[in-house]
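Colleague: I'm new to this one. Could you walk me through it with a few questions and answers?

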Amino acid sequence: MTAGLSVVIPTLNAEGTLAETLESLMEGIFSGLIKELVISDGGSTDATSHIAEDVGAVFVQGPASRGGQLRRGCAVARGEWLLILHADTQLEPGWTSSVHAHLRDKYAVAYFRLDFPVRGVMPMFVVQWANMRAKIFGLPYGDQGLLIHKDHYHAVAGFSDYVLMEDVDMMRKIRKSKISLTGLPHRAITDPHRYERFGWFRTGASNLFLLGRYLTGTHPDVLNKKYKR
């Protein structure tokens with residue numbers, strides 16, 4: 001299988017969200033857009049592997065490191081296009097229409113608009129900031145999904161084996177290579193559990209602090225010690 005779309009999802013004890021994420025992908029499977037699901041696991045001890053097996057996904061396993069997991073998942077993916085999606089992110093109904101339209105242009109990388117399934121001042125602020133950051137600075141995070149042609153994926157040497165900031169590293173390589181980046185109109189609706197657990201303001205400020213340190217040269221392994229899950 002060399003054509004079509006491979007969806008690659010990194011997981012680590014994701015039984016609480018993975019089933020709903022996969023359910024949001026069903027319209028892509030039924031329409032023939034998605035040719036393959038790849039679950040790249042970091043050593044889950046819950047029902048993640050059983051959920052993957054139930055939907056017929058390719059299941060690969062290795063050390064827990066989101067960048068490394070994505071690298072392994074993309075290495076076995078056979079589709080012409082890759083859709084990178086987090087295990088706690090659901091795509092908005094109708095998303096296949098914008099992806100179908102985008103696939104006609106193999107010279108652009110794409111991402112979705114971030115949203116949360118909760119409302120309030122702070123969720124709205126985080127969403128607006130994230131979507132503005134993606135549009136103005138060309139820096140969408142992994143929870144916005146990533147749609148990339150395999151030619152471009154290999155051109156930037158794929159994901160780096162980072163436990164953190166693998167998404168920022170990828171976007172910096174894409175921008176450096178001058179590959180076009182565009183936003184898709186549909187939403188990637190992400191579970192807000194980290195924000196709700198640690199507080200919206202505190203989590204947002206921590207994310208910004210970590211980004212600043214990474215952009216000024218701190219290695220992701222060092223940053224990971226301060227990352228709150």
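Colleague: Which residues are linked in a network of salt bridges?
Modeller: Keep in mind that this is a predicted model. Arg 187 meets Glu 92 in a salt bridge, and Arg 187 also meets Asp 115 in one. Asp 115 forms a salt bridge with Arg 119 too. So the linked residues are Glu 92, Asp 115, Arg 119 and Arg 187.

Colleague: How many residues apart in sequence are Asp 115 and Arg 187?
Modeller: Their side chains come to 2.5 Å, N to O. Asp 115 lies in strand 6 and Arg 187 in strand 8, so the pair ties together parts whose separation in sequence is 72 residues.

Colleague: Is Glu 92 buried or exposed?
Modeller: Glu 92 sits in the loop between strand 5 and helix 5. Its relative accessibility is 18%, and the cut-off for that label is under 20%. So Glu 92 counts as buried.

Colleague: And Arg 119, buried or exposed?
Modeller: Its partner Asp 115 is buried, at 10%. Arg 119 has a relative accessible area of 63%, and the label here needs over 50%. So Arg 119 is exposed.

Colleague: Over to strand 4: which residue in strand 7 does Trp 81 stand opposite?
Modeller: Strand 4 covers residues 81–84, and both its faces are covered. Four bridges join strand 4 to strand 7, and the two run antiparallel. In that pairing, Trp 81 stands opposite His 149.

Colleague: Which residue in strand 4 does Ser 6 stand opposite?
Modeller: Strand 1 and strand 4 run parallel, joined by four bridges. There, Ser 6 stands opposite Leu 82.

Notes
Residues numbered from 1 in each chain as written. Predicted model: local features only at pLDDT ≥ 70, side-chain atom pairs only at ≥ 80, totals over all residues. Heavy atoms only, no water. Buried < 20%, exposed > 50% of the residue type's maximum accessible area, 1.4 Å probe, protein only. Pairing = 2+ DSSP bridges. Salt bridge = Lys/Arg side-chain N within 4 Å of Asp/Glu carboxyl O.
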